[in-house]
Amino acid sequence: MLCRSRPRTTAPAALLVALSLASGSSPAGAAGAPPVPILAYHHIGSAPAGASNPSLWVRRARFERQLRALDRAGYEAVTLASVWRAWHGGGTLPQHPVVISFDDGYSSQAAIAPVLRAHGWPGVLNLEVARLGVRGGLTRAQVRSLLRDGWELDAHSVTHPDLRTVPAQRLRTEVAGSRQALQQAFGAPVDFFAYPYGRQNARVRAAVRRAGYLAATTTERKFASASADPFALGRVLVGADDSPSSVLRMLRTGG
Ligand SMILES: [Zn+2]
């Protein structure tokens, strides 16, 4: 499922120009911008015995080595907001940008904040509202600390359901409700959404758009591209078995 590919569509150049002019950005700034890799992490640390999905645990020492390898290779971490601004004529990106995102909101993600800080890099936290303050989850104080470090706070629903399967009212609560709850709790913009399990369809994407998000990320293994549907941006999942060199390889080869 993670590797499912989507058919590529092409549009005549004149149409692309018209679309980009309509959105207020230049063709070079949006459709012509190079794709940006978004890495997706979950737990950082050693998987405890009986962990339900040990492949989602990346040991801390390995994570530190991955970041050093990225840094040495010239990558610089940025937020999705920075990518969005650059795509729409409002800023520039480093030569080799990468977004480092963390899903769900585990306490181990606060524990590795100093690792990113040492590189001068922000993380992107995709926070599930119901995980806030529960055992194993981030506390409000930890989230505030991450925000002070320059992290971006994005929504990852309230209770992490497969959004394709929930009725209309619940879909609104999960999508618009999580944005509202996080905005109220932390005073952050919360302009981006990460689909639980990466699962989405046209109805779910429409709900995310209606809730006012600018874009949303899946777990489809591809780079985020300005010319693709902003509500189906791909990400590169990093798992327990990925060495620093395999992460670099994924970034060089487009996922
Ligand atoms: Zn998740």
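The following exercises, with worked solutions, concern a predicted model of a protein.

**Exercise 1. Overall composition**

Determine how many helices and strands the protein has, what share of its residues counts as buried, and what share of its contacts is made by residues 24 or more positions apart.

Solution.
1. The secondary structure consists of 9 helices and 10 strands.
2. The protein has 255 residues, and 49% of them count as buried.
3. Among contacts with a separation of 6 or more, 64% are made by residues 24 or more positions apart.

**Exercise 2. The packing of H7 and H8**

Describe how helix H7 and helix H8 pack, giving the angle, the distance between the axes and the handedness of the crossing, and identify the residues that meet.

Solution.
1. Helix H7 spans residues 168-186 and helix H8 spans residues 202-210.
2. The two helices pack at an angle of about 50°, and their axes are 10 Å apart.
3. Angles under 35 degrees count as roughly parallel, and those of 65 to 115 as roughly perpendicular; H7 and H8 are therefore oblique to each other.
4. The crossing of H7 and H8 is right-handed.
5. On the H7 side, the residues in contact are Ala 168, Leu 171 and Val 175; on the H8 side, they are Arg 203, Val 204, Ala 207 and Val 208.
6. Sorted by class, this contact comprises 6 nonpolar residues, 1 charged residue and no polar ones.

**Exercise 3. The surroundings of Gln 109**

Establish whether Gln 109 is buried or exposed, and which backbone atoms lie by the polar atoms of its side chain.

Solution.
1. Gln 109 belongs to helix H4, which covers residues 107-111.
2. The relative accessibility of Gln 109 is 0%; since buried means under 20%, Gln 109 counts as buried.
3. Apart from neighbours within four places in sequence, Gln 109 is in contact with Tyr 41, His 42, Phe 102, Asp 103, Leu 125, Leu 138, Leu 146 and Trp 151.
4. A polar atom of the Gln 109 side chain lies 2.9 Å from the backbone oxygen of Asp 103.
5. The backbone nitrogen of Gly 105 lies 3.4 Å from a polar atom of the Gln 109 side chain.
6. Gln 142 is 33 residues from Gln 109 in sequence, and the C-alpha atoms of the two are 9.3 Å apart.

**Exercise 4. Ser 225 in its loop**

Locate Ser 225, decide whether Ser 225 is buried or exposed, and name the residue joined to its side chain by a polar contact.

Solution.
1. Ser 225 is part of the loop that lies between strand E9 (215-217) and strand E10 (236-237).
2. With a relative accessibility of 15%, below the 20% cut-off, Ser 225 counts as buried.
3. The side chain of Ser 225 is joined to that of Ser 227 by a polar contact of 2.9 Å.
4. When residues up to four places away in sequence are not counted, Ser 225 touches Pro 35, Trp 87 and Leu 233.

**Exercise 5. Positive phi outside glycine**

For Ser 157 and Val 190, state what phi value each has, where each is found and whether each is buried or exposed.

Solution.
1. Ser 157, a residue other than glycine, has a positive phi near 75°.
2. Ser 157 lies in the loop between strand E7 (152-155) and H7.
3. At 0% relative accessibility, Ser 157 counts as buried.
4. Val 190 likewise is not a glycine, and its phi is positive at about 50°.
5. The loop that holds Val 190 runs between H7 and strand E8 (192-194).
6. Val 190 has a relative accessible area of 1% and is buried.

Conventions. Residues are numbered from 1 along each chain as its sequence is written. This is a predicted model: local features need pLDDT of at least 70, side-chain atom pairs count only at pLDDT 80 or more; totals for chains, interfaces and linings use all residues. Side-chain values use heavy atoms; hydrogens and water are left out. Axes are lines fitted to C-alpha atoms, for helices over the stretch in contact, and angles run from 0 to 180 degrees between N-to-C directions. Helices (H or I, at least four residues) and strands (E, at least two) are DSSP runs, numbered from the N terminus. Angles under 35 degrees count as roughly parallel, over 145 as roughly antiparallel, 65 to 115 as roughly perpendicular and the rest as oblique. A crossing is left-handed if the near helix is turned anticlockwise from the far one by less than a right angle, and right-handed if clockwise. Contact means heavy atoms within 4.5 Å. Ala, Val, Leu, Ile, Met, Phe, Trp, Tyr, Cys and Pro count as nonpolar, Asp, Glu, Lys and Arg as charged, and the others, Gly among them, as polar. Buried means under 20% relative accessible area, exposed over 50%, partly exposed in between (1.4 Å probe, protein chains only). A polar contact is a pair of N or O atoms within 3.5 Å; within protein, one must be able to donate a hydrogen and the other to accept it, and residues adjacent in sequence count only if both atoms are side-chain atoms.
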